[in-house]
Amino acid sequence: MAAEEKKSWLRRRAEGAISRGLTRAYQTVKVDPDRFLFQLRAAYGLPIATFRGVYSVEMSRLDDVADSVIRSGMKLAAAEGAGFGLGGFLTIMPDLGILSAITMRTIQKLSLIYGFELNTDDEIAELWIAAASAAGVDISRELLEKEVVNRFVPKVIQRIAARASAEVVEKWAGRLIPMTSSVIGCALNYYFVRAWGRRASAHFRKKHVEKRARLAQEQERLTAG
């Protein structure tokens, strides 16, 4: 009974930390689109002047950039997990908050890579639908409120945090031992971002392909007319 109570307490704490981390990533540490656009041109060599330009870039190049961004997020999360892991149990909650922010920023970058700029409520909703997909959360009920982003996003964050906290409680048990915790925290954070990043990337890629096809059809109609 005591073990179950401890797990329940830990899960509530983890859920709160993840929820705060996701909310912070949404409200205060968003990716700067202009800076990231410059990075896509300078660091990755994409020949684009705006994010709309990605729809004329070869899919393989976009996929390579997406993979690179996910790997960067994985390395950052691993380093953060190793550092916070030295504190064992005491640093689990701060680690989860930062990990959530790193993961969400990675997902935001993936959104931009595939041409979704987060300028409209629909695009913001799509970002969180992708995040839910990455977490393996079914938000079909919440989709009814997708048009009202200020209500939709907090509900999705709550669902994601609840799901992720359950995963955390099961896998982060080794974090109770400080020195071992550093190695475990590094590995868990690394694979956490990899799994979420890949699922989010697949979501945005699918949406990108659909939109690319629509744009091609529109261009054909204009040419024919």
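Buried, in this talk, means under 20% relative accessible area. Keep that cut-off in mind. Ser100 comes in at 6%, so Ser100 counts as buried. The model you see above is a predicted one.

Let me stay with Ser100 for a moment. Ser100 sits in helix α4. What does Ser100 touch, once residues up to four places away in sequence are set aside? The answer is Ile18, Gly21 and Leu22.

Next, confidence. The mean pLDDT for the protein is 81. A score of at least 70 is reached by 79% of the residues. Which element has the lowest mean, and which the highest? Helix α1 is lowest, at 71. Helix α2 is highest, at 94. One stretch needs a flag: residues 85-91 stay under 50. For that stretch the model has 17 contacts beyond four places in sequence.

Now the core. The largest nonpolar core holds 61 residues. Four of them touch the most other members: Ile107, Ile113, Trp128 and Ile160. Where do the core residues come from? At least two each are supplied by α1 (2-27), α2 (33-42), α3 (59-85), α4 (92-113), α5 (121-135), α6 (149-171) and α7 (178-224). Helix α5 gives the most, with ten residues.

Take Ile107 as the example. Leave out its neighbours within four places in sequence. Ile107 is then in contact with Leu127, Ala131 and Ala134. The list goes on with Trp196, Ala200 and Phe204.

A second serine is worth a look. Ser201 lies in helix α7. Is Ser201 buried or exposed? Its relative accessible area is 9%, so Ser201 is buried. Ser201 touches Ala66, Ile70, Leu110 and Tyr114, again not counting residues up to four places away in sequence.

On to charges. How many salt bridges does a search of the whole structure find? Two.

In one of them, Asp63 pairs with Arg205. The closest N and O atoms are 3.0 Å apart. This pair links distant parts of the chain. Asp63 is in helix α3, Arg205 is in helix α7, and 142 residues separate them. The two ends differ in accessibility class. Asp63 has a relative accessible area of 17%, so Asp63 is buried. Arg205 has 33%, so Arg205 counts as partly exposed.

In the other, Glu210 pairs with Lys206. Here the closest N and O atoms are 2.9 Å apart. Why are Glu210 and Lys206 separated by about one helical turn? Because they are four residues apart in helix α7. Glu210 is partly exposed, at 32% relative accessibility. Lys206 is exposed, with a relative accessible area of 52%.

One last residue in helix α7: Ala187. At 31% relative accessibility, Ala187 counts as partly exposed. Pair Ala187 with Lys75. The two are 112 residues apart in sequence. In space they are 9.9 Å apart, C-alpha to C-alpha.

To recap. Seven helices, α1 to α7, each put at least two residues into the 61-residue core. Asp63 and Arg205 join helix α3 to helix α7 through a salt bridge. And treat residues 85-91 as the stretch where pLDDT stays under 50.

Methods. Residues are numbered from 1 along each chain as its sequence is written. This is a predicted model: local features need pLDDT of at least 70, side-chain atom pairs count only at pLDDT 80 or more; totals for chains, interfaces and linings use all residues. Side-chain values use heavy atoms; hydrogens and water are left out. A nonpolar core is a set of buried Ala, Val, Leu, Ile, Met, Phe, Trp, Tyr and Cys residues joined through side-chain atoms within 4.5 Å. Buried means under 20% relative accessible area, exposed over 50%, partly exposed in between (1.4 Å probe, protein chains only). Contact means heavy atoms within 4.5 Å. pLDDT is the predictor's confidence in each residue, from 0 to 100. A salt bridge is a side-chain nitrogen of Lys or Arg within 4 Å of a carboxyl oxygen of Asp or Glu.
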